[in-house]
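Visitor: Could you walk me through this one, a question at a time? I would like to see how each answer is reached.
Guide: Gladly, let us look at it together.

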Amino acid sequence: MGSAGPGTRILLALVLLAGGIFRGCGGGSDTDARPPPQSVFSGVLTYHNDNARTGQNLQETVLTPANVTSATFGKLFSFPVDGFVYAQPLYVSNVLIAGQLRNVVFVATEHNSVYAFDADSSSNTPLWHRSFNGTANGITTTTVPFQDTASPPGYTGPGPVIPGGCGDLTPEIGITGTPVIDPATGTLYVVAKTKEVSGANVAYEHRLHALDITTGLSRPGSGRALRASVPGTTAPNDGNGNVLFQSLRQNQRAALLLSNGVVSVAFSSHCVIRPYQGWVLAFDATTLDPLGAFNAVPNDSKGKGGIWHSGGGPAADAGGNVFVMTGDGPFNAAAGGSSYSDSVLKLTKGSLTVADYFTPFNALVLETTNADMSSGGPLLLPDQPVGPPHLMVSAGKQGVIYLLNRDNMGQFQAGSDSQIVQSFPGGVCGPGTCAIFGTPAYFSNRVYTVAVGDRLKAYSLDAGQLSFSGQSTNTFQWPGATPAISANGSANGIVWALETNGSGAPVVLRAYSAADVSTQLYNSNQNLARDNPGKAVKFTVPTIANGKVYVGAQGRVSVFGLLP
């Protein structure tokens, strides 16, 4: 399972408190001897809290709109780590490590490390630290220097020619996509990108690791190098009619998905340097054996169609169907072809065959203007009492918000998108619409978005339709933000967002009233000397759990909470 429902969370907490499934030996001194807060909140186990990607933690009993102010709330401490933190920190309550129940935050870095920290202690010493770099059996394994992603020597196109390498992830490429945790087995799944050198031989790999969350030790089968092929003609090709997955050109930015015993991993490109395609690979969560592979453009020489979601994850419904959004590239599925660029796709569990899709009527314009659909991430809404019961929200660089019926997504219609439930511009920013780089959030019949150059916006969901209901007073510059929600049931709702303005400047943590987003409760710039979270990393998302907020940055994770 990718996330636990309320009943599962209660059962998990009771099992753990009784002696529990999570047993391990952990290191690390503890400068704060207080026991962790005990609650039925099992944790933040996946990107944006659940497989619907709603971004909501409805079991936050400590933080409220009344106490999240600069006078009472701020930065408490930070954890130093060995690289940039693009992945969202994950959190598990009541883990038994070294004979003590602890709340644990898990941090993955671009230096190919995974850390487990006591979530309530200011100790800089991790409970455990696992690195996927090192030398063994004559093979030296490192992260991938960004320069290694350079266009092949002599390459002149099509697509960009970047002889110095893609500068999107610098100085190194390691773990970018957010891991996922299975609470039933205490396993953390993570994909690391590596450069592996043995003498004159150099290989680039993506490896799927499964770690025991109590120790960081590998589960059986962990470290599998990802391999895939599908029938097709595009490059790279084996010459026998099969397109090959090639790790060097593929960027594993999207968060991992765990649903119904299947781990799904999505891929895009490094700076659109070809050859690459959008891929989704599926693996058995127990054995890590491959189950299926999807390629968005297997039979067009352009390739493309990347799946990246600005770090967001594929979503899944109760039946295990997987929902992704693809980027720029060819589209011909409406004419019976196999290219699905600039589309929202519903893929069947495991096999990843296309069950349904939606492609905007202006898909060709999206491709030619780099108005990539995959800059946004899918959001699945709760069942609706009026109209189609199973809705989802999608939006990308074009800034148009699409409300889709997941049971009949609309496919492609020339001339307009009138066949879908609803579509409308999310805003107007300067000469054009407001591009979205992130995943919308949902809480209490409202959908929240933060587009580039726009304000945090709230939309009411009523009778199966979205309508504008409010916005913040401040604007967010590039790349906007992915909002997150904390609340105690339907009460004390807070919308959290990280203002990154690219990478390098100090990240700004902002909090708003979920009931009225024009009310800003707090921002870390109000007392920057105390509350500076560190240098920003784009596309990051805060994690809110048990009265604390965890913010990833360059070389650290900062922990915010009520001031002593």
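Visitor: In strand 37, which residue is the bridge partner of D454?
Guide: Please keep in mind that this is a predicted model. Strand 36 covers residues 454-462 and is joined to strand 37 by eight bridges, with the two running antiparallel. D454 belongs to one of these bridges, and its partner in strand 37 is F476.

Visitor: What is the strand order of the open sheet that holds strand 37, and which strands stand at its edges?
Guide: The sheet has four strands with antiparallel pairing, in the order 34-35-36-37. From one strand to the next, the twist averages 20°. Two strands have a single partner each, so one side of each is left without a neighbour in the sheet: strand 34 (441-443) and strand 37 (465-476).

Visitor: There is another open sheet of four strands, with strand 3 in it; which are its edge strands?
Guide: Its order is 3-44-43-42, and the pairing is antiparallel. Neighbouring strands here are turned by 20° against each other on average, direction ignored. The strands that pair on one side only are strand 3 (73-84) and strand 42 (543-545).

Visitor: And which residue of strand 44 is the bridge partner of F73?
Guide: Strand 44 spans residues 554-562 and runs antiparallel to strand 3, with eight bridges joining the two. For F73, the partner in strand 44 is L562.

Visitor: Strand 43 sits in that sheet order too. How far apart in sequence are the parts tied together by the salt bridge of D120 with K548?
Guide: The closest N and O atoms of D120 and K548 are 3.2 Å apart. D120 lies in the loop between strand 6 (113-118) and strand 7 (128-131), whereas K548 is in strand 43 (residues 548-552), so the pair ties together parts separated in sequence by 428 residues.

Visitor: Are D120 and K548 buried or exposed?
Guide: The cut-off for buried is under 20% relative accessible area. D120 has 10%, and K548 has 14%. Both values fall under the cut-off, so D120 and K548 are buried.

Visitor: How many bridges pair strand 13 with strand 14, and what sits in the turn between them?
Guide: The two strands form a hairpin with two residues between them. Their pairing is antiparallel and runs over twelve bridges, one of which joins V190 to H209 in strand 14. In the turn, with a positive phi of about 65°, is G199.

Visitor: Which residue does K195 of strand 13 meet in a salt bridge?
Guide: K195 counts as buried, with 19% relative accessibility. Its closest N to O distance in the salt bridge is 2.9 Å, and the partner is D148. The pair links strand 13 (residues 187-198) with the loop between strand 10 (144-145) and strand 11 (172-173), and the residue in that loop is D148.

Visitor: In the salt bridge of R227 and E205, which residue is exposed and which is buried?
Guide: The two side chains meet at 2.7 Å, N to O. R227 is in the loop between strand 15 (224-225) and strand 16 (229-231), and E205 is in strand 14 (residues 201-212), 22 residues apart. The relative accessible area is 53% for R227 and 8% for E205, so the exposed residue is R227 and the buried one is E205.

Visitor: Which residues join D168 in a network of salt bridges, and how many salt bridges are there in the whole structure?
Guide: Salt bridges that share partners bring D168 into one network with R253 and K538. For the whole structure, the search finds a total of 14.

Visitor: What is the volume of the largest cavity?
Guide: The structure holds five cavities of 30 Å³ or more. Lining the largest cavity are, among them, R253, K538, F539 and T540. Its volume is about 60 Å³.

Visitor: Is T500 buried or exposed, and what does it contact?
Guide: T500 is in the loop between strand 39 (491-499) and strand 40 (508-513). Its relative accessible area is 2%, so T500 is buried. Leaving aside neighbours within four places in sequence, the residues in contact with T500 are P479, V507, A536, V537, K538, F539 and T540.

How values were computed
Residues are numbered from 1 along each chain as its sequence is written. This is a predicted model: local features need pLDDT of at least 70, side-chain atom pairs count only at pLDDT 80 or more; totals for chains, interfaces and linings use all residues. Side-chain values use heavy atoms; hydrogens and water are left out. Two strands pair if DSSP finds at least two bridges between them. Axes are lines fitted to C-alpha atoms, for helices over the stretch in contact, and angles run from 0 to 180 degrees between N-to-C directions. Buried means under 20% relative accessible area, exposed over 50%, partly exposed in between (1.4 Å probe, protein chains only). Contact means heavy atoms within 4.5 Å. A salt bridge is a side-chain nitrogen of Lys or Arg within 4 Å of a carboxyl oxygen of Asp or Glu. On a 1 Å grid over the protein atoms alone, a cavity is a set of points where a 1.4 Å probe fits but cannot get out, and a pocket is an open set with protein on both sides within 12 Å along at least five of seven lines; lining residues have an atom within 4 Å of a point. Grid points are joined across faces, edges and corners, and a volume is the space filled by probe spheres set on the points.
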